[in-house]
Amino acid sequence: MSSNDIVVGLDIGTTKICAIVGRKNEYGKIDILGMGKAESAGVTRGVVTNIQKTVSAIQEAVKIAAEKSNVDIKVVHVGIAGQHIKSLRHRGVIVRGNGEDEIGNEDITRLVEDMHRLVMQPGEEIIHVFPQEYTVDAEHGIKDPIGMAGVRLEGNFHIITGQVTAAKNIYRCVTKAGLQVADLVLEPIASSEAVLTEEEKEHGVALIDIGGGTTDLAIFQDGIIRHTAVVPLGGNIITEDIKEGCSVMRKQADALKVRFGSALADEAKENEIISIPGLRGREPREISVKNLAYIIQ
Ligand SMILES: Nc1ncnc2c1ncn2[C@@H]1O[C@H](COP(=O)(O)OP(=O)(O)OP(=O)(O)O)[C@@H](O)[C@H]1O
Ligand SMILES: [Mg+2]
């Protein structure tokens, strides 16, 4: 098995850090060889806030994934998310010397490089530049202009930016964990690659990933990425409300939510009671499923 065919993804999430090892098969798809997961304690709303805890969790997840897949993991593709992520649209233009020459990859590269030269707000950097559609002279809505003739090539681009410090902290954690970063990928983009089909993207689709600390969004239409966003809200805020509302520990609150939670209080059974063992010999606590649903709702 060639090591070039091995790809490792690392998801630094708010509740868990996950490493997954795959191998590209002969059809260009990825076979999963192994996966490792560790509880994440150093990440807040998708952003690393404690380096040491994050490094330990990365090491733990990667160790499990390495054992399961029997692959010596050295290089990883890492996801990035968090409230600091912004997306914007920008238009670029190049005027070509000879309109008879076919538009080639070098023209597209020039346009993309121009986008990378855009001046960002202080402390922000460009993470991705995705071409949306091109205009060649008067012809609009071209997805692939390569091979066409034209003097003026215009492109619309979806640009994703993030905070330099957030990205640096990810690099720092991964490096301290003894690994090398192959690239940083915006999480909703990575999820879209994993779960959406080309037909769905063509037809129009919104991908929503509700995590612990963030909710990621990616919208596609006509096969083009139209919008991406990372909202700093996730399942953890419901867990926190249950923790406060029922006076229980966070772990218990999360288990109550996952096992007995319902988002619609009217549909919860009136007289169903959950008993939670008391700490150190204290009386057990009783919580009604209806009340739990009211808190969630
Ligand atoms: N069956 C379930 N019903 C409701 N919530 C659930 C269920 N299973 C998991 N959750 C919640 O999902 C959240 C964790 O999701 P996930 O593992 O996608 O987050 P993450 O990737 O660690 O975080 P993020 O992507 O926000 O950084 C937690 O709040 C957890 O309580
Ligand atoms: Mg996540």
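Let us start with one residue: at 0% relative accessibility, Val-21 counts as buried. The model you are looking at is predicted, and Val-21 is a good place from which to explore it.

**Around Val-21**

Val-21 belongs to strand β2, which covers residues 16-24. Which residues does Val-21 touch, once neighbours within four places in sequence are left aside? The list is made up of Ile-6, Val-7, Val-8, Asp-31, Ile-32, Leu-33, Gly-34, Ala-65, Ser-69, Val-71 and Ile-73. Try following one of these partners: Ile-73 is 52 residues from Val-21 in sequence, yet their C-alpha atoms are 8.5 Å apart in space.

**The whole chain**

Now zoom out. The protein chain holds eight helices and 16 strands. Its C-alpha trace spans about 85 × 45 × 40 Å along the principal axes. Of the 297 residues in the chain, 42% are buried. The chain exposes about 16800 Å², and carbon and sulfur atoms supply 50% of that area.

The side chains also carry charges: 33 are positive and 42 are negative. The centres of these two sets lie 9 Å apart.

How are the contacts spread along the sequence? Take the contacts between residues at least 6 apart in sequence: 58% of them join residues at least 24 apart. The pair Val-21 and Ile-73, 52 residues apart in sequence, shows how to picture such a separation.

**Two domains and two cores**

The chain is divided into two domains. Domain 1 is written in two pieces, 3-82 and 164-196, while domain 2 runs over 236-296. Taken over C-alpha atoms, the centres of domain 1 and domain 2 are separated by 33 Å.

Next, look for the nonpolar cores. The largest one has 44 residues. Which residues have the most contacts inside this core? They are Leu-10, Ile-12, Ile-58, Ile-73, Val-78 and Val-174. Helix α1, residues 51-69, gives the most to this core, with seven residues. Another core, of 14 residues, lies apart from it, and includes Val-248, Ile-274, Ile-287 and Val-289.

Leu-10 is worth a closer look. Not counting residues up to four places away in sequence, Leu-10 touches Ile-17, Cys-18, Ala-19, Ile-58, Val-62, Val-76, His-77, Val-78, Gly-79 and Val-174. Among these partners you will recognise Ile-58, Val-78 and Val-174, which are also named among the residues with the most contacts inside the largest core.

**From buried to exposed**

Here are five more residues to find in the structure, with their accessibility side by side.

| Residue | Relative accessible area | Class |
|---|---|---|
| Ser-191 | 18% | buried |
| Asp-222 | 35% | partly exposed |
| Leu-279 | 46% | partly exposed |
| Ile-210 | 62% | exposed |
| Asn-70 | 72% | exposed |

Is Ser-191 buried or exposed? Its relative accessible area is 18%, so Ser-191 is buried, because the cut-off for that class is under 20%. Ser-191 sits in helix α4, residues 187-195. Leaving out residues up to four places away in sequence, Ser-191 touches Leu-196, Leu-207 and Asp-209.

Ile-210 is placed in strand β12, residues 205-210. Why does Ile-210 count as exposed? Its relative accessibility is 62%, and exposed means over 50%. Beyond its neighbours within four places in sequence, Ile-210 is in contact with Thr-215 and Gly-235. The C-alpha atoms of Ile-210 and Arg-117 are separated by 33 Å, and these two residues are 93 apart along the chain.

**Residues in loops**

The other three residues of the table lie in loops. Asn-70 is found in the loop between α1 and β6 (75-80). Its phi is near 60 degrees, a positive value in a residue other than glycine. Asp-222 lies in the loop between β13 (215-221) and β14 (224-231). Asp-222 also has a positive phi, of about 55 degrees, although it is not a glycine.

Where is Leu-279? Look in the loop between β15 (273-276) and β16 (285-288). From the C-alpha atom of Leu-279 to that of Met-249 is 9.9 Å, with their positions 30 residues apart along the chain.

Methods:
Residues numbered from 1 in each chain as written. Chains lettered and ligands numbered in written order. Predicted model: local features only at pLDDT ≥ 70, side-chain atom pairs only at ≥ 80, totals over all residues. Heavy atoms only, no water. Helix = DSSP H or I, 4+ residues; strand = E, 2+ residues; numbered from the N terminus. Buried < 20%, exposed > 50% of the residue type's maximum accessible area, 1.4 Å probe, protein only. Contact = heavy atoms within 4.5 Å. Areas by Shrake-Rupley, 256 points an atom, 1.4 Å probe, with all protein chains shown as cover. Lys, Arg positive; Asp, Glu negative; His and termini not counted. Charge placed at Lys NZ, Arg CZ, Asp CG, Glu CD. Domains from an automatic or database assignment. Core = buried A, V, L, I, M, F, W, Y, C linked by side-chain atoms within 4.5 Å.
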